[in-house]
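Hi,

Here is the structure I said I would pass on. Have a look at it first, and my notes follow underneath.

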Protein chains: 2
Amino acid sequence: MKVGILGGGQLGRMLLQAAANYTAETYVLENDPGCPAAHLCHHFVLGDITSYDAVYDFGKGLDAITIEIESVNVDALEQLEKEGVRIYPSPAAIRIIKNKIVQKQFYKDHGIPSSDFVITQNRANTEAHADFLPAVHKIGEGGYDGKGVQVLNTPEDLVNAFDAPGVLEKKVAIQKEIALIVAQHTDGSTAIYPASEMMVNPALNLLDYQISPALIPEKVLWVAEAVAIKLVKALQSPGLFAIEMFIDINGEVWVNETAPRVHNSGHHTIEANHCSQYDMLWRIILGYPLGNTAPILPAAIINIIGAEGHSGPAHYEGLEDVLKIDNAFVHLYGKKQTKPGRKMGHVTVMHSNYHDLTHKANKIRNILRVVSGSKS
Amino acid sequence: MKVGILGGGQLGRMLLQAAANYTAETYVLENDPGCPAAHLCHHFVLGDITSYDAVYDFGKGLDAITIEIESVNVDALEQLEKEGVRIYPSPAAIRIIKNKIVQKQFYKDHGIPSSDFVITQNRANTEAHADFLPAVHKIGEGGYDGKGVQVLNTPEDLVNAFDAPGVLEKKVAIQKEIALIVAQHTDGSTAIYPASEMMVNPALNLLDYQISPALIPEKVLWVAEAVAIKLVKALQSPGLFAIEMFIDINGEVWVNETAPRVHNSGHHTIEANHCSQYDMLWRIILGYPLGNTAPILPAAIINIIGAEGHSGPAHYEGLEDVLKIDNAFVHLYGKKQTKPGRKMGHVTVMHSNYHDLTHKANKIRNILRVVSGSKS
């Protein structure tokens, strides 16, 4: 079977590591021949995943296509779907999710708990909603990794509001942030991974570290799982979905955002769950039964982020000390250049008790640094 | 770091899946551009791993080289080692192991328990040792996967003895066959995987299936581990070593053969041990600390072998049923053509109790078939 991946970043890289368990012939479309996934596929195609022609030409000889990022040309995917190419997730699901206005409206229409919101067309329009603050302002299309997301606490913040269509979401009094990954097979069966719990670094709006299974009351987990399954069923698409949720200070669950693909909140599933999210997506694409999502041990993910003040050839400080830690596993994404805040890799560490686990996670965060330097 | 692999088969394929956790730039030398590992490396080089020039030219710009098969040009590796290329395992260790006469003599010289033997130069010479039977006759160089190995039970069998230098080894009254994988770091530290226990199919002389950890008395395991460590220390080489041993009917341990590389007896470590044998070898090559060899769950490996009477494009029957089994993981090696007895892949299955584990292993053996057919 010929399977294409739109996007050649680290998610594509890890997908391709898992792909080699099967006989799929793999294709990657990406506009950077040095991208993390380029050397791990059978056929690398240079091109722009946002271009209709590039995506259509890439896909028209393939049996199936998946994505590692939402910002792809959905029109081309819809045409390919009509012509019989199987798309994971469906173009309709990508269309709902890639625009945060449409995504938010979808939650409302399907009774998925998500914070109140107003749609904004431009800055002037946003400024007219001063009474809706404090809120989080998200750009409709093109946001990624915290870009295109603004926290607007007071009317004074409104002068900085982006001047583009977006959605203004009531700020939730967050107790915890969790993410659930749900796999949905073409036959409609689903499998759900244990929830992950994250700690966000407010400066970079990237995960500081994350633990899984999340430490939340069973009843809250049940609600979160029910909401996640309801959401994925409503999307009516095969594929893998990561649902980011807030648990508010009253223990209520609110969906923040969904990603229709393998997700950074599931990196630990490679070592810490029997069937990784990457293997799971291949099982769906290739028509095999879903795998076992059970955890092996509690795990933490620590992102490896380019250090402030360092731009240039990447050098990893502290790797050896990290790998001395029992059950610490490093994943470097093969990006040659570092810059401040760039995701360069991650570490998964596992331990049977959470106290030691968080201690190890903090230790790893403090040991590991990505700097630019002559060493490599 | 630029790292080359001599050989592009399934072991190279799985090594490269693991390599993408790190930043190593990977090279593969193999004379088949459609080999299992070809598409997973940064640079595929077409060439013959037994040729001095091919191996030397391949290796001279690299930082390190490893092997996935012993039948490589050791002279070239020795020259490269002199020029500063790091070789895992050392050329000296490969030279000892790749010739079964030298390997056997090495065990004797270093007090490693191994069955009595006589060296044979040709068929006439072998026929003169009728009084040494029953014995196993192994060709000195070039044997692989049961080829070049003969069981000579009676003087009548001697007419079929191969007519080349070899070694005639006293037949051991085998109770069990086990294998131990030992990782040896450049700093001399070692890590040992739990023993695996195998069942051999006498017809093909390929593994029928294998379980790990082996079900052997603790005192026998201690001896086996001590022998394995002694052997690897004597080889004085960094790298990964798989030591195949017999346990005789009296519970004595005898070394059969050693492989100086990742090994089919360690496939299950991908899912069933925290640090896989593939990750472990990269840790050694890249100078990182050794990983955790502890088992996650008892596991069985079932080889996926080309069915008798089928030669041609490979088609896998029963894959879906196998993947329905909880904690069954399929690894297909991407070989386009099947033929009787060809290793096409393996399945790892895990279960907490051995009764259910062996039941599952037998079920998988009976479900899965590689045939030639129009389907793919």
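In this predicted model, 26 residues of chain A are in contact with 26 residues of chain B. On the chain A side, helix 1 (10-19), helix 10 (319-324) and strand 18 (328-332) each supply at least two of the residues that touch chain B. Helix 10 of chain A gives the most, with four residues. If you sort that side of chain A by class, you get eleven nonpolar, ten polar and five charged residues.

How do the two chains relate? A turn of 180 degrees, with a shift of 0.0 Å along the axis, lays chain A on chain B with an RMSD of 0.0 Å. That makes it the relation of a two-fold axis. Both copies use the same surface, too: 100% of the contact residues of chain A recur in chain B.

Now for the layout of a single chain. The domain assignment splits chain A into domain 1 (2-88), domain 2 (116-170) and domain 3 (174-372). Between domain 2 and domain 3 of chain A, the C-alpha centres lie 27 Å apart.

There is also a sheet to look at in chain A: an open one of three strands, in the order 19-17-21, with antiparallel pairing. Strand 19 (337-338) and strand 21 (369-372) of chain A are the edge strands, each pairing on one side only. Strand 17 (residues 312-317) of chain A pairs with strand 21 of chain A in the antiparallel sense, over four bridges. To find your way in, start from Glu317(A), whose bridge partner in strand 21 of chain A is Arg369(A).

On to the inside. The largest nonpolar core has 209 residues, and Leu180(A) and Leu180(B) are the ones with the most contacts inside it. Leaving out residues up to four places away in sequence, Leu180(B) touches Ile192(B), Tyr193(B), Ala195(B), Ala224(B), Glu225(B), Ala228(B), Ile243(B) and Met245(B). As a general point, nonpolar side chains tend to be buried together in soluble globular proteins.

One last residue: Val232(B), which sits in helix 7 (residues 218-235) of chain B. Is Val232(B) buried or exposed? Val232(B) counts as buried because there are 26 C-beta neighbours inside 10 Å, and the cut-off for buried is 20 or more. With residues up to four places away in sequence not counted, Val232(B) touches Val182(B), Gln184(B), Thr190(B) and Phe241(B). Val232(B) and Ala93(B) are 139 residues apart in sequence, while their C-alpha atoms are 9.5 Å apart in space.

Cheers

Key:
Residues numbered from 1 in each chain as written. Chains lettered and ligands numbered in written order. Predicted model: local features only at pLDDT ≥ 70, side-chain atom pairs only at ≥ 80, totals over all residues. Least-squares fit on C-alpha atoms with pLDDT ≥ 70 in both. Contact = placed C-beta atoms within 7 Å. Domains from an automatic or database assignment. Nonpolar A, V, L, I, M, F, W, Y, C, P; charged D, E, K, R; others polar. Pairing = 2+ DSSP bridges. Core = buried A, V, L, I, M, F, W, Y, C linked by C-beta atoms within 7 Å. Buried ≥ 20, exposed ≤ 12 C-beta atoms within 10 Å, placed from the backbone.
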